[in-house]
Amino acid sequence: MKLINLLIIILFNFIGAYLSYQWCYRMIIAKHRTPEFYYLICYGLCYFCFILISIFLLNKIKRPLGLVILGVPIGIIIPAMPPIVSILVMEDTKKVIFNLDLIMGLLGITSAVTLNFIIYPAILLCCHYSIIAIQKLKSKIALKQE
């Protein structure tokens, strides 16, 4: 059963990554001819984090409203991490002081561009209800076999 739950989480996260990437592709990559490789790396890192967080959240939180309440801020923060980390790590630390306005701007831009603040809570809800449906189906099959 754990393997099935893991496969459900990975499947819905891949679907969400595809939807988010297609939205981002239409908004930025196709219009501005930016290198697609950077977006693929960013999405790979983001959705790897999303998969790990999904596994943890779906094991700990059993109520759909709790998943949505936690999914929205996670969907805003995680996509903004690669640009923020690259600014903090790669830039000269004397030039770049921890600028909260810049970081909040990046959060707003990446959230609006990737739509992960909408897609990630939907992924969590789809996983939650799919896992519940499979558990109910499994229990019905077990009752019929007895």
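**View 1. Cys-46 and Cys-49, two cysteines that differ in their accessibility.** In this predicted model, Cys-46 has a relative accessible area of 3% and is therefore buried, a word that stands for under 20% relative accessible area, with exposed meaning over 50% and partly exposed in between (1.4 Å probe, protein chains only). Cys-49, at a relative accessible area of 33%, is partly exposed. The sulfur of Cys-49 has its closest cysteine sulfur in Cys-46, but because 6.9 Å lies between them, they are too far apart for a bond. A search of the whole structure finds zero disulfides, a disulfide being a pair of cysteine sulfur atoms within 2.5 Å.

**View 2. Pro-82 in helix H3 and its contacts.** Pro-82 is found in helix H3, which covers residues 64-90; helices (H or I, at least four residues) and strands (E, at least two) are DSSP runs, numbered from the N terminus. With 24% relative accessibility, Pro-82 counts as partly exposed. When its neighbours within four places in sequence are left aside, Pro-82 is in contact (heavy atoms within 4.5 Å) with Cys-42 and Cys-46. Although Pro-82 and Cys-46 are 36 residues apart in sequence, their C-alpha atoms are 8.1 Å apart in space.

**View 3. The buried residues of helix H5.** Among the buried residues of H5 are Ile-119, Tyr-120, Ile-123, Leu-124, Cys-127 and Ile-131.

**Notes.** Residues are numbered from 1 along each chain as its sequence is written, and side-chain values use heavy atoms, leaving out hydrogens and water. Local features need pLDDT of at least 70 and side-chain atom pairs count only at pLDDT 80 or more, whereas totals for chains, interfaces and linings use all residues.
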